[in-house]
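Here is a short guided tour for anyone meeting this structure for the first time. Keep the 3D view open and follow along at your own pace.

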Amino acid sequence: MDPISDQNWLLSLGTFLPLAGVLVMLLIPKKEELLHKQIALVTALGTLGVGIATLAAFDYDQSARLQFFVDTEWISVINSGYTVGLDGISLPMYFLSMVITVLVMIYSWNHIPSPGNPKAFLILMLVLQTGMAGTFIAQDLILFFVFFEVVLLPMYFMIGVWGGEQRQYASLKFFLYTMFGSALMLVAFLALYYKTGAESFSIPYLITEGINIDKDVAMWIFAGMFIGFAVKVPMFPFHTWLPDAHTQAPTQGSVILAAILLKLGTYGFIRIAIPVLPQAAVEWAPVIGVLAVIGIIYGALGCLAQTDMKRLIAFSSVAHMGFVMLGISTLTEMGINAALFGMVAHGLITGMLFFCAGSIKERYHTLEIKRLSGLLVQMPKLGWILGFCAMASLGLPGLAGFWGEFPAILSAYQPAPQLDVTLFRTLMVIAALGTVLAAAYLLWLYQRTAFGEPNPEFTGHGHAHSVGAAGNDEHHDDLHDVNVYEWVAWTPLLIAIVVFGVYPQLMFDVMDPAVTELVKVFHQ
Amino acid sequence: MIASLLAVDFTAPTVDYHALAPEIVLAAGLCIVLLVDLFVDERQRWITSTLAGFTLLGALIPVVTLAVIGDDTRYPLSGESLTGRYVVDEYALILKALFLLAGYVVVLMSADEIERGRYYQGEYYVLLLTSILGMVMMASSRDLISIFVALEFLSIPAYMLAAWNKRNSKGNEAGMKYYLLGVFASAIMLYGMSLLYGVTGTTLLSEIGPAITASGEFSGVHALAVAFIVVGFAFKVSAVPFHQWAPDVYEGAPTPITAFLSVASKAAGFVALTTLVFVAFPRADDVYQPFIFVLAAASMTIGNLLALRQTNIVRMFAYSSISQGGFILMPLTVAGVDGAGESALKAVVVYLVVYAATNLGAFAVIIAVARKTRSGEISSYGGLFSYAPALGVLMTIFLASLAGIPPLGGWFAKFGAFKAVLDAGTGWGYAIAIIAAINTVIAAAYYITVMREIWMKPVPDGDATPIRTPSSIQAALVITCGATIVLGVLPDLVGRFGDLADLTGALGR
């Protein structure tokens, strides 16, 4: 499939535009907080504009081919090129990263976490955006690696500076896990390079050459990439950094982490590991499938044990990413389509859940489930939104979450011909049980936080107000329902959850040709 | 008798003045600085630092014109027995540019620091320029004698500079230690060189190469000679186990000189070692390969482990530079393997350039911060980001580059080193790659400790007055930070230098 090179400046513009905003912001003093917010938002909107232009210019009839393709010399000494392109697999995630950044910017308008300093916070966010978008367009392993790593430091600082109580521990854990994973990934990339004749790091080239690698070697190379990507996903047993990072990160950090960063790992499997080394992928698929299902059950049980709302949502990510990985491990058209859909759906839904959690935390100054109750009474709108997201997250048909989970489970019924049918059917049954657990923990969470009477702790001073002793209760002053910034930031996500839930074909149509091309090798 | 000596035909060498221009400009410049210093008033001593800076930039001009004109190798001094002993090729030019720019940044960093000391400003810059002249000569030397002369030329002023804080016992200790160990190393090296001359009958590197195995067998004397020379340079580049002087010297010397020693002077040692390995010892890899393997592995591991325990930032950087030195040595372990020499040489050159930019930048931040905190403790960096965000971010960039995090220069330097040893595909290569991979993660731990102080810890004594950074240090920071980022994003800028054919082919290997 030859790539198409029309309008190929679009991708580079969309990826690097945020850095232009960063440069401008660097020149403006820190105390111009409003100006910084404006510039950051305008930059993010401009980037989104480029993203929309990309959507418009994308040739949907050719979505199996790489479009806007650029292939120029970059580091000639190691035969690595600046190779970028977009196809049906990467388009949804590329665009989602831009949308999420804009929404997070809007949310940040009046939600800059302590200790403040919007300049630094927003600059880090824009750098993150470049790293995320770049990872999804890179078609060269070295370029991919560089973009993959660009997100590391901004996220580290976002957690470590603007995070919660345990932020230093959480950020260090995040950093070390990711660093360890990427070291192995880089080694695997290098091995791939040498085993294909040290010609090129370009992914399309490696896809044609990788099949010739000796199977034993390919197994080892795949193992390196597997660990590198699995840490990022995160798959059981590499997931332990995630609950800490999510819980301690500021709301914006959690949203970006859940919506985009975790997907860098799954995307790596689909873009690199599987197409380049199909022979090893077949051997590793059962392992991936088993770990994925362990992740589903383990994540769900973990959720049931949590007392902190944010930590619960973090564990639910482990479970949801388990469904995505299960879909990938089947190596079928349906499974990988489901995985890609699940990536976007999880980004929308869990991103939204973290937004809700952030707003609840801001109002009650706690996320301890025991202390929260009666959300629907005190803040009906926020309560309903939380309920909506919980329903979407547990995979209610008609909302986006369903189309990630259900086909993933279904695809395990008939995995790729080389795989063991019995094993995958067993996995299917266990994964289906996982959805029951998901319903349990989400509904239980919702029941405990939203139903019932509000905790007297947060209302007990009601009569104090009536006697005019205002101002002695700071908690109470914070108790307002969804405000306008939150509405603006959340509405697009809520609409998208419904739209993709009702009409999933919108996304499947874009992805399917590329996925069909990808799995062709397993059906010959 | 005298008459017979005089009667020997002396044919004056043909001098290519253009090729020799950088050295001439430097030599003239340092004389001018010395003279001007005699006649200017005490209050106008800033003139000397300005002159020194201009001298270095002036010397850079011919380097650039030579690089632009062409890629054919030039012999600044050619004549009957001179051709090939002093060479200007792309390899020499990129390194000359590196030394001159590093020197310029050190001058920028020194201006304020030395002015406040109020003594011997002129001499300081004269010594600095002399040392840089030695380094510039080193880049071109392809002969045992010129290598040795260049080495002494660059070392002796450095001994004096290390002892610059003469009223401070640590300064005296630094100078003395550096001097004694330096001389010791020179003596060992010279002994090795004399052995080499004795068995090969020549001092020209390109003739030593073939001669070393001419007799078919590799004798004990050959091995001894190569080993002594490598050990001598191991002292110069402070490779473990010959590193003990480095932390004390770095701590005692004025900080700009520490930066100079840890970057430029170290790089000069590597340059000489690289030239020797590639040109003189290409067939002696049985001897130097295990040697350099041990040096590299020990340097990176022990340097890292000791750096983890440091509480003083300069000492931490001393050990970090030992460990980084191990990474620079790493590609040389496979220099003799067919097909890997090319990438090994490139890796060394790229690493030297990137490391110079990054480490100088880090020291510029250390100088700027120490102006306020008057402390070298790592804990004094607490909360730096909150009151001096620019310095905090710059230090983060430099530390991240040293840790090898893309897209900063350090990642490509490390990548190149890994690629070189993997290119070789030998057991030695894989072994050192694994050791280096583990060390990359260990190193990240102490670099990130400093980042945590800067970003996440409170200001130690609550004193959050902003830091005023002198404009010369600002300039140094802009240059080094720009280079660190640009080299990471567009590594091809230096990647094309250091072609093996340049270094060895022209010499008829």
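On the surface of this predicted model, A:Ile495, A:Val498, A:Val499, A:Val502, A:Tyr503 and A:Leu506 form a nonpolar patch. Together these residues offer about 520 Å² of accessible area. Which helix gives the patch its largest share? That is helix α22 of chain A, residues 484-502, which supplies four residues. A:Val502 lies in this helix, and its relative accessibility of 59% is why A:Val502 counts as exposed.

**Annotated spans in chain A**

Two stretches of chain A carry domain annotations in UniProt, both from an unreviewed entry. The record gives residues 74-130 as "NADH:ubiquinone oxidoreductase chain 4 N-terminal". In the model, the end C-alpha atoms of that span lie 18 Å apart, and its make-up is 54% helix and 16% strand. For residues 138-423, the record lists "NADH:quinone oxidoreductase/Mrp antiporter transmembrane". Here the end C-alpha atoms are 35 Å apart, with 78% helix and 0% strand.

**A bent helix in chain B**

Now turn to helix α2 of chain B, residues 17-39. How does its length fit what its 23 residues should span? At 1.5 Å a residue, the expected span is 33 Å, and the end C-alpha atoms are 31 Å apart, which agrees. The helix does bend, by about 35 degrees, at B:Glu23. B:Glu23 is also one of the buried residues of α2(B). Others in that buried set include B:Leu20, B:Pro22, B:Leu26, B:Leu30, B:Val33 and B:Asp37.

**Salt bridges along the helices**

Over all chains, the whole structure holds 17 salt bridges. Three of them, all in chain B, are gathered here with their N to O distances.

| Salt bridge | Closest N to O distance |
|---|---|
| B:Glu173 and B:Lys177 | 3.1 Å |
| B:Lys346 and B:Glu342 | 3.6 Å |
| B:Asp423 and B:Lys419 | 3.2 Å |

What spacing along the helix do B:Glu173 and B:Lys177 have? Both lie in helix α7 of chain B (residues 169-200), four residues apart, or about one turn. B:Lys346 and B:Glu342 are four residues apart in helix α14 (residues 341-373) of chain B, so about one helical turn separates them. B:Asp423 and B:Lys419 are likewise four residues apart, in helix α17 (residues 409-424) of chain B, and therefore about one helical turn lies between them. Why does such spacing suit a pairing of side chains on a helix? An α-helix has 3.6 residues a turn, so residues three or four places apart point the same way.

How open to the surroundings are these partners? B:Glu173, at 36% relative accessibility, counts as partly exposed, and so does B:Lys177 at 30%. In the α14 pair, B:Lys346 has 17% relative accessibility and therefore counts as buried, while B:Glu342, at 33%, is partly exposed. In the α17 pair, B:Lys419 counts as buried because its relative accessibility is 8%, whereas B:Asp423 is partly exposed at 25%.

Salt bridges can also share partners, and one network in chain B is built that way. It joins B:Lys170, B:Glu173, B:Lys177, B:Asp248, B:Glu251 and B:Arg315.

Technical notes:
Residues are numbered from 1 along each chain as its sequence is written. Chains are lettered from A and ligands numbered from 1 in the order in which they are written. This is a predicted model: local features need pLDDT of at least 70, side-chain atom pairs count only at pLDDT 80 or more; totals for chains, interfaces and linings use all residues. Side-chain values use heavy atoms; hydrogens and water are left out. Patches are made of residues with over 30% relative accessible area and no salt bridge: like charges are joined within 9 Å, nonpolar side chains (Val, Leu, Ile, Met, Phe, Trp, Tyr) within 5 Å. Accessible areas come from the Shrake-Rupley method with a 1.4 Å probe; for residues, only the protein chains shown count as cover. A salt bridge is a side-chain nitrogen of Lys or Arg within 4 Å of a carboxyl oxygen of Asp or Glu. Helices (H or I, at least four residues) and strands (E, at least two) are DSSP runs, numbered from the N terminus. Buried means under 20% relative accessible area, exposed over 50%, partly exposed in between (1.4 Å probe, protein chains only). UniProt positions are given in the numbering used here, feature names are shortened, and annotations may be inferred rather than shown by experiment. The expected span of a helix is 1.5 Å times one less than its number of residues. The bend at a residue is the angle between axes fitted to the seven residues ending there and the seven starting there.
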